[in-house]
Amino acid sequence: MQITVTVNGAERTADVEPRLLLVHLIRDVFGLTGTHVGCDTSNCGACTVLLDGVPVKSCTMFGVQADGRSITTVEGLAQDGQLHPIQSAFKEEHGLQCGFCTPAMMLTGAALLDRNPQPTEEEIRWAISGNICRCTGYMNIVKAIEAAGQAMATEKAPATTSITGVQGGGSREAKRSDANPPAREVIRRRRRGSEEMKGVRRWGPR
Ligand code: FES
Ligand code: FES
């Protein structure tokens, strides 16, 4: 079957068998190997991509089901040589160890922030509950998604923030007012408030 898919903003056409899984279309036909295969049971979430902006496990779909639709893989997160804020946050917050789950975690996190720019820790943990990480214990992944949300909100507040330079390449300088503190401080304050409210901090995957 001839299909046309928009992959990371570029239209791609392929002649594929109807039985070809979307994950193999992405990896083997389009050559985008940042999408991983971590299981045979649709459990691990390492194959997650965004289909029309929504996270899907690409091992659970056929490639032909993506015909006429738009896919974002981890290769599409960075734009014009600049890391996406979620990529910078995973780096800064040590949100990865072996990195196998990381492309899927970042895409899931980016999709969450797209619809909910200031998620709570609980909302983040629900959002990534379909993605398994065998290394990190999830704490730093949650911190990274929180930090990315804060960084994105800060960048959208030009009256109180000035960021110059390029992430991952040039210098980065940020000036923030007390009303707009650094991301880590905001997260620390929110966590402290959350702990006081609940009395108990709940960690660990669902
Ligand atoms: S490869 Fe494990 S859920 Fe898709
Ligand atoms: S960083 Fe190794 S599986 Fe998540």
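Helix 5 (139-155) comprises 17 residues and spans 24 Å between its first and last C-alpha atoms, close to the 24 Å expected at 1.5 Å a residue, the expectation being 1.5 Å times one less than the number of residues. Helices (H or I, at least four residues) and strands (E, at least two) are DSSP runs numbered from the N terminus. The model is predicted: local features require pLDDT of at least 70 and side-chain atom pairs pLDDT 80 or more, whereas totals for chains, interfaces and linings use all residues. Residues are numbered from 1 along each chain as its sequence is written, and chains are lettered from A and ligands numbered from 1 in the order in which they are written.

Helix 5 is mostly covered, with 13 of its 17 residues buried (20 or more other C-beta atoms within 10 Å of the residue's own, C-beta atoms being placed from the backbone). The largest nonpolar core (buried Ala, Val, Leu, Ile, Met, Phe, Trp, Tyr and Cys residues joined through C-beta atoms within 7 Å) contains 44 residues, and I141, I145 and A148 have the most contacts inside it. Domain 1 (1-76) and domain 2 (84-199) both contribute residues, so this core lies between them; the domain bounds come from an automatic or database assignment.

Beyond its neighbours within four places in sequence, A148 is in contact with P85, I86, A89, G109 and L113 (C-beta atoms, placed from the backbone, within 7 Å). In helix 2, the buried residues are P85, I86, Q87, A89 and F90, and these pack against helix 3 and helix 5. H94, which follows helix 2, has a positive phi near 55 degrees.

How values were computed:
A residue is buried if 20 or more other C-beta atoms lie within 10 Å of its own, exposed if 12 or fewer, and partly exposed in between; C-beta atoms are placed from the backbone. Two residues are in contact if their C-beta atoms, placed from the backbone, lie within 7 Å.
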